[in-house]
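Here's a quick tour of a protein chain and its metal site. Have the model open while you read.

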Amino acid sequence: MIIVFKAHTSPKQIEEVKKHIIDLGYQPRIIHGVERTVIGAVGDELSHRSLEALMTFSCIENVVPIQKRYKLVSRQFQQQDSVVKIGAFALGGGQFQVIAGPCAIESRAQLRQAMQDLTQAGVRIIRAGAYKPRTSPYDFQGLGEAGLRMLGELGKEFGVATVTEVVAVRDIEVVAGAVDMLQIGARNCQNYNLLEVVAGAGKPVLLKRGPATTIEEWLSSAEYLMAHGCKGVVLCERGIRTFERATRNTLDISAVVVAKNESHLPVVVDPSHAAGIKSLVVPLAKAGIAVGADGVMIEAHPDPVSALSDAAQQLVSSEFGQVMTELRPHVALAGKTMG
Ligand code: PEP
Ligand code: MN
């Protein structure tokens, strides 16, 4: 941490702050400038003893942290890309995955049709929601445990890996027993208690970025997962809330690059929730691939017109072969292997 004094601070005040720094377990190194005095406090900033408390001294202008508040997810901690195993498939470290499926599981027939279409197109990881976090309490909330059972059973039948969202601590055990990967949705990105318990479920976690979380907050949430023993974390950029209304959210393409520079974790892009309109899904997926995403997550439904949630953004699952054909050269150009 760097502690910056206000101009005209007296030597007595500087001594007082110095003593406080030592009491907090840091070694102070004083630099006297022409106008200002600065102290470099040497010590482990990841301990709970934050020097930000020094802001309470009237003579302090600023306290600047040097170390990041996340460590286990950082590139400094691990230089090479993490590879996350999702069922029998790998994501990250050059292995690219297209994760696809309907927004919600609506019936066994609907999920079966989607899986048949998507696996035929070459998709290996199916994502479908059993518990849906909806803005309105009157909207379809998902089939819950019944849907989860369908996803587990059909996943085995089709030989795919499965992902679904978990919205509450009470559901974690049953969800972890049914699928290969747990999704933390955008609304729960900073639900720290949920993150801590999900981390211990023994399954990898797909962590969506919240609509209003900074990249640092998103990585700190990933740190919660890693610090509590998570088996593997995949970050998912799904668009943030901005002033723009032409799209449902704004896909923050630079976040993919920043997250990959800052962290060794794989990053996937969800163009469906970012755009909210089906015509933008494939172009945004290509943009994600171009900037280094390790995968994309796309919503596809056998009959989007009848979908009970996110109808406008879901692609037609029987047309997914064309999507894969369009994405493949982009994945190859990015130097990654599909599937
Ligand atoms: C979803 O993946 O279906 C979903 C609800 O997404 P998000 O959490 O990104 O809004
Ligand atoms: Mn959805």
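What follows goes from the whole chain to a metal site, a helix and a single residue.

## Ground rules

This is a predicted model, so local features need pLDDT of at least 70 and side-chain atom pairs count only at pLDDT 80 or more, while totals for chains, interfaces and linings use all residues. Residues are numbered from 1 along each chain as its sequence is written, chains are lettered from A and ligands numbered from 1 in the order in which they are written, and side-chain values use heavy atoms, with hydrogens and water left out.

## The whole chain

The chain has 10 helices and 16 strands (DSSP runs numbered from the N terminus: H or I of at least four residues for helices, E of at least two for strands). Its C-alpha atoms fill a box of roughly 75 × 40 × 35 Å along the principal axes.

Of the 339 residues, 50% count as buried (under 20% relative accessible area, with exposed over 50% and partly exposed in between, using a 1.4 Å probe and protein chains only). Take the contacts (heavy atoms within 4.5 Å) with a separation of 6 or more: 67% of them come from residues 24 or more positions apart.

## The manganese site

Which protein atoms hold on to the manganese ion (ligand 2) as donors? They are Cys103 (SG), His273 (NE2), Glu299 (OE) and Asp310 (OD), at 2.0 to 2.4 Å from the ion. Donors here are N, O and S atoms within 2.8 Å of the metal (3.2 Å for Na, K and Ca); water is not among the atoms, so sites may look incomplete.

Along the chain the donors follow the spacing C-x169-H-x25-E-x10-D. Cys103, in the loop between E7 and H2, and Glu299, in strand E14, link distant parts of the chain, 196 residues apart. Both Cys103 and Glu299 are buried.

## Helix H2

Helix H2 covers residues 108-121, and its end C-alpha atoms are 20 Å apart, which agrees with the 20 Å expected for 14 residues at 1.5 Å a residue (1.5 Å times one less than the number of residues). Gly122 comes right after H2, with a positive phi near 105°.

The buried residues of H2 include Leu111, Met115 and Leu118. Among the elements covering the buried set are strand E14 (295-301) and helix H10 (320-333).

## Ala285

Ala285 sits in helix H9 (residues 278-290) and is buried, with a relative accessible area of 0%. Leaving out residues up to four places away in sequence, Ala285 touches Pro271, Val296, Ile298 and Leu327. Ala285 and Val323 are 38 residues apart in sequence, with 9.9 Å between their C-alpha atoms.
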